[in-house]
Amino acid sequence: MTNRVFIYPLLLLCLLLSLTLWRQGARWHAGPFWQLGLILLAAVAGLIFQELTGLVFVAWFLFLLFVVAPRFWTGLAWRRLMAGEFGAAANAWQMAAMLVWGGPGQVLRTYATALRRWGAADRTGAEQIIRELLHQPMPVTAAGAINVWLLSVLVAGREWATVVEFYEDDGDWGTLANATQARLLVARAYAEAGRFDRALRCLQFVALAPRTVGELARQLWAARVTVAALAGDAAETERLLRQQAGTHRRGYERFAATWRGRCALANGDLNEGQRQLTRALALTPLPAQAWRAALAGYLRDAQNLTVPSLPAATTAEYQHGQALLQGARQTAAPWRALLEVEAPRGMVLALLVVLALVWLAAVTTAQWWPDLSLIEALGNLQVAVRNGAWWRLVTALFLHTEWWHLLMNATGLWVFGAAVERALGRGRMLLVFVMAGALGNAASVSLANYDVSLGASGGVFALLGAFGVLMYRLDVPLYARYRRQLLLLLTLMVSVDLSIGGLEPRVDNLAHAGGLAAGVLLTWLLTAGQKRGQPRRAHL
């Protein structure tokens, strides 16, 4: 059982990645397909030869090497690029290229080569390398991504006029995801050029885009701060900065001081502007030379500051743009509430802490006081439940004997529980987890032949069912196609999971299926009087 339980999630992940690559262009992604094939070969071998536990480690090592590590290096490369550290970004892309085969790997190597030339002031040579790459056969997704990369390099170099020209001349970004990233990048350039109507229009489209969750949502927040500060909108700048105050994100204090300073300068307050920018410069580490140079430039410009007769934030055009942006965010709020993945908080965090403490207690008692078994005292013991100990249906949800069992259930609770909590609220989310999970355990007691059953799986499946109902009820026409795709993906996940559970004798599949059905029914009843497309509570 142990070998298989580690391999099943890997098989599902590889299946989902393969479907994504197939949709983007199978021939172009032949190299990554071969890499996924090696991972699948090791995983299937681990299923067949279960006594060879090393095969499980090989499969997961290949997954980390070919899938996780390239994403780490590319993420690091983007961060270094936006910080203006071209050399460090080129090195990170070179590392990613070493781990990616085929066409995508060639693109990453080209990024590294071109960026080194760009950093060495050979811009013509760098652009020639990129043009040669774009002339090669590739999917529109890849070509659009290369254009986004070029736009990012121009933004990192703070060539605002060139950024606007490149954005307006290109026009074809291949996919909505690439177009969203491009609009997010060019919004800063429009604001720096004083074209706030275009900047806010770009942000409006970004706010409505279905992929604006996670890191893109954080970038949207940063872009909104930028536009508000450059327009001299002190109230909006402070409101946005307060949203992230206390999060202790790296660089937040420097970011806040920078844009408070530029907002003050936009309003003609030279002293406050210089004070904030000086503080931002002091908070900037010495290796971040590009940021330090930019801040020093702002301070020099402040010496020749011309006090504006009327900040852009006071114009009717700017106010109208902000109103449209707020309307777009309100429209997107239900979608983002379900798809946003953030650090555990609220009821989800409380449940995760309880699950961890109960697991530690169970492990401790089993080791030091074998006669005091929490499993026997609180587990879903059929004989005890049928004799009236119905409370075991609930307490069994919080018991786990293996760390991997706890880890898998905790992950499901984090992902689906957080979404349900944002949409329904803490109390209703807890109700779904406990009541529907208990009903799933009741189904197990009624029909299965297990001596004892335990684990939060029934409650997690209940939350998954609740998530499916909330997604189905999200009747926002803008996201109709993406909603259908996500519902199909959820159906596939549930089908695969229940099929795997049917193959494993130690998996309480009835508790899973019962929790899922109860979660669907209970969530449907809880949202019966709620307007479709409007969650009870959503983060904006």
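**Exercise 1. Aromatic pairs**

Task: How many aromatic pairs does the structure hold, and how are the rings of W93 and W149 arranged?

Solution.
- Start with the total: the structure holds 19 aromatic pairs. The model is a predicted one.
- Take the rings of W93 and W149. Their centres are 6.1 Å apart, and their planes meet at 75°.
- Apply the cut-offs: centres must lie within 6.5 Å, and planes over 60 degrees apart count as edge-to-face. The pair W93 and W149 is therefore edge-to-face.
- Place the two residues. W93 is in helix α4 (residues 86-99), and W149 is in helix α7 (residues 140-156). They stand 56 residues apart, so the pair links distant parts of the chain.
- Check accessibility. W93 has 1% relative accessibility and counts as buried. W149 has a relative accessible area of 0% and is buried.

**Exercise 2. A second pair**

Task: Which class of pair do the rings of F166 and W173 form?

Solution.
- The ring centres of F166 and W173 are 6.1 Å apart.
- Their planes are at 65°, so this pair is edge-to-face.
- Now the accessibility. Buried means under 20% relative accessible area.
- F166, at 21%, counts as partly exposed.
- W173, at 6%, counts as buried.

**Exercise 3. Rings in a cluster, charges over rings**

Task: What links W78, W93, Y111 and W149, and where do R473 and R483 lie?

Solution.
- Ring pairs join W78, W93, Y111 and W149 into a cluster.
- R473 lies over the face of W524. The distance to the ring centre is 5.4 Å.
- R483 has its charged end over the ring of Y472. Here the distance to the centre is 5.9 Å.

**Exercise 4. The span of helix α2**

Task: What span should helix α2 have, and what is the distance between its end C-alpha atoms?

Solution.
- Helix α2 covers residues 30-48, which is 19 residues.
- The expected span is 1.5 Å times one less than the number of residues. For α2 that gives 27 Å.
- In the model, the end C-alpha atoms of α2 are 26 Å apart. The two values agree.
- Next, list the buried residues of α2. They are G31, P32, Q35, L36, I39, A42, A43, A45 and G46.
- Pick out Q35 in helix α2. Its relative accessible area is 3%, so Q35 is buried.
- Leave out residues up to four places away in sequence. Q35 then touches F66, L99, V100 and W101.

**Exercise 5. Two packed helices**

Task: At what angle do helices α16 and α21 pack, and which residues make the contact?

Solution.
- Two numbers describe a packed pair of helices: the angle between the axes and the distance between them.
- Helix α16 spans residues 316-339, and helix α21 spans residues 403-424. They pack at about 145°, with axes 7 Å apart.
- From α16, the contact uses R336, A337, L338 and L339. From α21, the contact uses A419, R422 and A423.
- Sort these residues by class. Five are nonpolar, none is polar and two are charged.

**Exercise 6. Positive phi**

Task: What are the phi values of A121 and R158, and is each residue buried, partly exposed or exposed?

Solution.
- Phi of A121 is near 70°, a positive value in a residue other than glycine.
- A121 lies in the loop between α5 (102-119) and α6. Its relative accessible area is 69%, so A121 is exposed.
- R158 is not a glycine either, yet its phi is positive, at about 55°.
- R158 sits in the loop between α7 and α8 (160-170). With a relative accessible area of 26%, R158 is partly exposed.

**Exercise 7. Two leucines**

Task: Where do L134 and L488 lie, and what separates each from a residue far along the chain?

Solution.
- L134 belongs to helix α6 (residues 123-134). At 29% relative accessibility, L134 counts as partly exposed.
- Set aside neighbours within four places in sequence. L134 is then in contact with A143, I146 and N147.
- L134 and M435 are 301 residues apart along the chain, and 56 Å separates their C-alpha atoms.
- L488 is in helix α24 (residues 480-503). At 62% relative accessibility, L488 counts as exposed.
- L488 and A245 are 243 residues apart along the chain, and their C-alpha atoms are separated by 38 Å.

Methods. Residues numbered from 1 in each chain as written. Predicted model: local features only at pLDDT ≥ 70, side-chain atom pairs only at ≥ 80, totals over all residues. Heavy atoms only, no water. Helix = DSSP H or I, 4+ residues; strand = E, 2+ residues; numbered from the N terminus. Buried < 20%, exposed > 50% of the residue type's maximum accessible area, 1.4 Å probe, protein only. Contact = heavy atoms within 4.5 Å. Axes fitted to C-alpha atoms, helices over the stretch in contact; angles between N-to-C directions. Nonpolar A, V, L, I, M, F, W, Y, C, P; charged D, E, K, R; others polar. Phe/Tyr/Trp six-rings, centres within 6.5 Å; stacked < 30°, edge-to-face > 60°. Lys NZ or Arg CZ within 6 Å of the ring centre and 35° of its normal.
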